[in-house]
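Here are some friendly notes to read alongside the model. Please keep the 3D view open as you go through them.

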Amino acid sequence: MENYTEYYLNHLLGILVTKPDFNTLLESYESLKKDLSESEELDDQIDSLDAAFKQAVEHWKFAN
């Protein structure tokens, strides 16, 4: 299993740059998680997404 945390973190941080709002970040995370969970091929990337979301929240907290 590959680790996609950095990929998802870059994606989530990009969202924070364009709209630094926690609700937008959360909606994007939930949408990505739903998409991953519906795909058998990508299901194993959910742990990476979860780790990236935790890091993105820390960035958001620091910025606010």
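The points below go from the whole chain to single residues.

1. **What kind of model this is.** Please bear in mind that this is a predicted model. Everything that follows is computed from its atoms and should be read in that light.

2. **Overall fold.** The protein has three helices and zero strands, and reading along the sequence gives the pattern α-α-α. The radius of gyration is 11 Å, close to the 11 Å that the globule rule gives for 64 residues, so the protein is as compact as a globular protein of that length. If you would like the outline, the C-alpha trace spans about 35 × 20 × 15 Å along its principal axes.

3. **Inside and outside.** Of the 64 residues, 33% count as buried. The protein exposes about 4600 Å², and carbon and sulfur atoms supply 51% of that area. Taking contacts with a separation of 6 or more, residues 24 or more positions apart account for 61% of them.

4. **Charge.** There are 5 positive and 14 negative side chains in the protein. The centres of the two sets lie 9 Å apart.

5. **Helix 3.** This helix covers residues 46–63. At 1.5 Å a residue, its 18 residues should span 26 Å, and the end C-alpha atoms are 25 Å apart, which agrees. Which residues of helix 3 are buried? They are Ile46, Ser48, Leu49, Asp50, Ala52, Phe53, Ala56 and Val57. The cover over these buried residues includes helix 1 (5–18) and helix 2.

6. **Leu12, from helix 1.** Leu12 is found in helix 1. Why does Leu12 count as buried? Its relative accessible area is 0%, and buried means under 20%. Leaving aside neighbours within four places in sequence, Leu12 is in contact with Leu25, Ser28, Tyr29, Leu32, Leu49, Ala52, Phe53 and Ala56. Among these partners, Tyr29 is 17 residues from Leu12 in sequence, with 7.5 Å between their C-alpha atoms. Leu49, Ala52, Phe53 and Ala56 are also on the list of buried residues in helix 3.

7. **Leu36, from helix 2.** Leu36 has its place in helix 2, which runs over residues 22–38. With 4% relative accessibility, Leu36 counts as buried. Not counting residues up to four places away in sequence, Leu36 touches Tyr8, Leu42, Asp43, Gln45, Ile46 and Leu49. Leu36 and Leu49 are 13 residues apart in sequence, and their C-alpha atoms are 9.1 Å apart in space. Leu49 is worth a click in the viewer, as it is a contact of Leu36 and also a contact of Leu12.

8. **Asp50, a charged residue on the buried list.** Asp50 sits in helix 3 and is one of the buried residues there. Which residues does Asp50 contact, leaving aside its neighbours within four places in sequence? The partners are Tyr29 and Lys33. Tyr29 is a contact of Leu12 as well. Thr5 lies 45 residues from Asp50 along the chain, yet the two C-alpha atoms are separated by 8.1 Å.

9. **Ser31, for contrast.** Is Ser31 of helix 2 buried or exposed? Neither label fits, because Ser31 is partly exposed, with a relative accessible area of 38%, and that class lies between the 20% and 50% cut-offs. Ser31 and Leu42 are 11 residues apart in sequence, and 14 Å separates their C-alpha atoms.

Methods: Residues are numbered from 1 along each chain as its sequence is written. This is a predicted model: local features need pLDDT of at least 70, side-chain atom pairs count only at pLDDT 80 or more; totals for chains, interfaces and linings use all residues. Side-chain values use heavy atoms; hydrogens and water are left out. Helices (H or I, at least four residues) and strands (E, at least two) are DSSP runs, numbered from the N terminus. The radius of gyration is taken over C-alpha atoms; the globule rule is 2.2 Å times the number of residues to the power 0.38. Buried means under 20% relative accessible area, exposed over 50%, partly exposed in between (1.4 Å probe, protein chains only). Contact means heavy atoms within 4.5 Å. Accessible areas come from the Shrake-Rupley method with a 1.4 Å probe; for residues, only the protein chains shown count as cover. Lys and Arg count as positive and Asp and Glu as negative; His and the chain ends are not counted. The place of a charge is taken as NZ of Lys, CZ of Arg, CG of Asp or CD of Glu. The expected span of a helix is 1.5 Å times one less than its number of residues.
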